[in-house]
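Trainee: Could you take me slowly through the part of this model around the ligand, and explain each term as you come to it?

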Amino acid sequence: MAKAIVVYASETGNTESVAEEVVKGLEEGGLDVTLKNVEDSDAREVLDYDLVLLASSTWGDEEKELHESMVDFYEDLKELDFAGKPAAAFGCGDSSYTHFCGAVDLLEERLDERGAKLLHGLGEGFRVDGDPDQEVLENAKAWGKEIAEKFQKSASS
Ligand SMILES: Cc1cc2nc3c(=O)[nH]c(=O)nc-3n(C[C@H](O)[C@H](O)[C@H](O)COP(=O)(O)O)c2cc1C
């Protein structure tokens, strides 16, 4: 069974809850999934997995900012060669800020720059506006399943 890792950064638990649903969707899509808080993860370990999902809520206002717990991890990603490895990004934000889900933009850009194959287009990772309600959590699970299906397709082509 192909292995996926989901590494998330979250302050109040919103991105964590969304990540838990995304994991359920990935599992329904046939993947063996490891979920980690970025505080318990080392950037290099993501290369041991067949599919990499990164998630962070957005902070700051003037500039796009990751959750602070993801800053070192993000820096360490610069050293990695993803060599076409499938990947995706998601996170929670609030559209009343200038850079809605700017952290997801940053994650997508870094993955793309390091040679990962984004399973969605740049700017098209899963973005949550406000606290996730039941409907958002269901959408998160469905998105996870869709990513797993895209992964399975890309693995067989
Ligand atoms: C001080 C502050 C700054 C924020 N800046 C942004 C921002 O620039 N863009 C955005 O989309 N959301 C921003 N947010 C909203 C959070 O990202 C949002 O509340 C998110 O759901 C938190 O998720 P978490 O619990 O996973 O950390 C900000 C929130 C606070 C309190």
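Mentor: A backbone N or O atom of Asp94 lies 2.9 Å from an oxygen atom of the ligand, which fits the definition of a polar contact, namely a pair of N or O atoms within 3.5 Å, where within protein one must be able to donate a hydrogen and the other to accept it, and residues adjacent in sequence count only if both atoms are side-chain atoms. Likewise, a backbone N or O atom of His99 is 2.9 Å from a nitrogen atom of the ligand, while in Thr15 an N or O atom of the side chain lies 2.7 Å from an oxygen atom of the ligand. Taken alone the ligand exposes 650 Å², and the protein buries 81% of that, with accessible areas computed by the Shrake-Rupley method with a 1.4 Å probe, where for residues only the protein chains shown count as cover.

This is a predicted model, in which local features need pLDDT of at least 70 and side-chain atom pairs count only at pLDDT 80 or more, whereas totals for chains, interfaces and linings use all residues. Residues are numbered from 1 along each chain as its sequence is written, and side-chain values use heavy atoms, with hydrogens and water left out.

Around the ligand there are 17 residues, each with a heavy atom within 4 Å of it, and the closest are Ser10, Glu11, Thr12, Thr15 and Ser57. By class, this shell has five nonpolar, 10 polar and two charged residues, where Asp, Glu, Lys and Arg count as charged, Ala, Val, Leu, Ile, Met, Phe, Trp, Tyr, Cys and Pro as nonpolar, and the others, Gly among them, as polar. At least two residues of the shell come from each of α1 (14-28), β4 (58-59) and β6 (86-93), helices (H or I, at least four residues) and strands (E, at least two) being DSSP runs numbered from the N terminus.
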